[in-house]
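Hi,

Here is the structure I promised to pass on. Please have a look at it first, and then read my notes below.

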Amino acid sequence: PWDNKLPGKVEDVVFVGESTRYTVRVSPTETLAIKISNASHQPALAPGEPVVLGFRSEDAGTLRATPDS
């Protein structure tokens with residue numbers, strides 16, 4: 001059901017109480033932070049593991065970049 005897919009590689013995994021935060025490298029200069037509820041019963045991913053991030057177009061949004069201060 002995902003109409004957008006983005007390949008990446010897990011760089012970091014942090015267990016934060018009821019969720020797990022993953023840092024996923026999607027290009028040489030870009031990473032995404034992904035938060036998954038531990039109640040989802042998804043198997044934990046390890047650093048270096050290849051992944052495909054999927055999302056629906058209607059769930060996507062844009063953010064305006066701000067210059068560094």
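**What I found**

Let me start in the middle of the sheet pairing: Asp12 stands opposite Thr23 in E2. Before going further, please keep in mind that this is a predicted model.

That pair belongs to the pairing of E1 with E2, two strands that run antiparallel and are joined by seven bridges. Thr23 itself has its place in strand E2. Is Thr23 buried or exposed? Thr23 counts as buried because its relative accessibility is 18%, and the cut-off for buried is under 20%. Leaving out residues up to four places away in sequence, Thr23 touches Lys9, Val10, Glu11 and Asp12, and also Thr31 and Leu32.

**The overall layout**

How many helices and strands are there in the chain? There are zero helices and four strands, and reading along the sequence gives the pattern β-β-β-β. The C-alpha trace spans about 35 × 35 × 20 Å along its principal axes. The chain has 69 residues, of which 14% count as buried. It exposes about 5700 Å², with carbon and sulfur atoms supplying 55% of that area. If you take the contacts between residues at least 6 apart in sequence, 42% of them join residues at least 24 apart.

On charge, the chain carries 7 positive and 9 negative side chains, and the centres of these two sets lie 1 Å apart.

**How the strands pair**

E1 has a second partner besides E2: six bridges join E1 to E4, and these two strands also run antiparallel. In that pairing, Lys9 stands opposite Pro50 in E4. E2 likewise pairs with strand E3, residues 31-37, in the antiparallel sense and over seven bridges.

Two hairpins are worth finding on your screen. The hairpin of E1 and E2 has two residues between the strands, and Gly17 in this hairpin takes a positive phi near 60 degrees. The hairpin that joins E2 to E3 does so through five residues.

Ser19 is a good residue to click on here. Ser19 lies in strand E2, and its bridge partner in E3 is Ser37. With a relative accessible area of 9%, Ser19 is buried. Setting aside neighbours within four places in sequence, Ser19 is in contact with Val14, Lys35, Ile36, Ser37 and Asn38, so the bridge partner Ser37 appears among its contacts as well.

**The nonpolar core**

Which residues make up the largest nonpolar core? There are six of them: Val10, Val13, Tyr22, Val24, Val51 and Leu53. Strand E1 (4-16), strand E2 (19-25) and strand E4 (50-55) are the elements that give two or more residues to this core.

Val10 shows how this region comes together. Apart from neighbours within four places in sequence, Val10 is in contact with Tyr22, Thr23 and Val24, with the run Leu45, Ala46, Pro47, Gly48 and Glu49, and with Val51. Tyr22, Val24 and Val51 from that list are core residues too.

**Loops and the tail**

Thr29 is found in the loop between E2 and E3. Why does Thr29 count as exposed? Its relative accessible area is 66%, and exposed means over 50%. The C-alpha atoms of Thr29 and Asp12 are separated by 15 Å, with these positions 17 residues apart along the chain counted as their spacing.

His41 has its place in the loop between E3 and E4. Like Thr29, His41 is exposed, with a relative accessible area of 68%. Its phi is near 60 degrees, a positive value in a residue other than glycine.

Finally, Ala60 lies in the segment after E4. Its relative accessible area of 45% makes Ala60 partly exposed. Although Ala60 and Asn4 are 56 residues apart along the chain, their C-alpha atoms are separated by 9.4 Å.

Have fun exploring it, and write back if you would like to go through any of this together.

Best wishes

Notes. Residues numbered from 1 in each chain as written. Predicted model: local features only at pLDDT ≥ 70, side-chain atom pairs only at ≥ 80, totals over all residues. Heavy atoms only, no water. Core = buried A, V, L, I, M, F, W, Y, C linked by side-chain atoms within 4.5 Å. Buried < 20%, exposed > 50% of the residue type's maximum accessible area, 1.4 Å probe, protein only. Contact = heavy atoms within 4.5 Å. Areas by Shrake-Rupley, 256 points an atom, 1.4 Å probe, with all protein chains shown as cover. Lys, Arg positive; Asp, Glu negative; His and termini not counted. Charge placed at Lys NZ, Arg CZ, Asp CG, Glu CD. Pairing = 2+ DSSP bridges.
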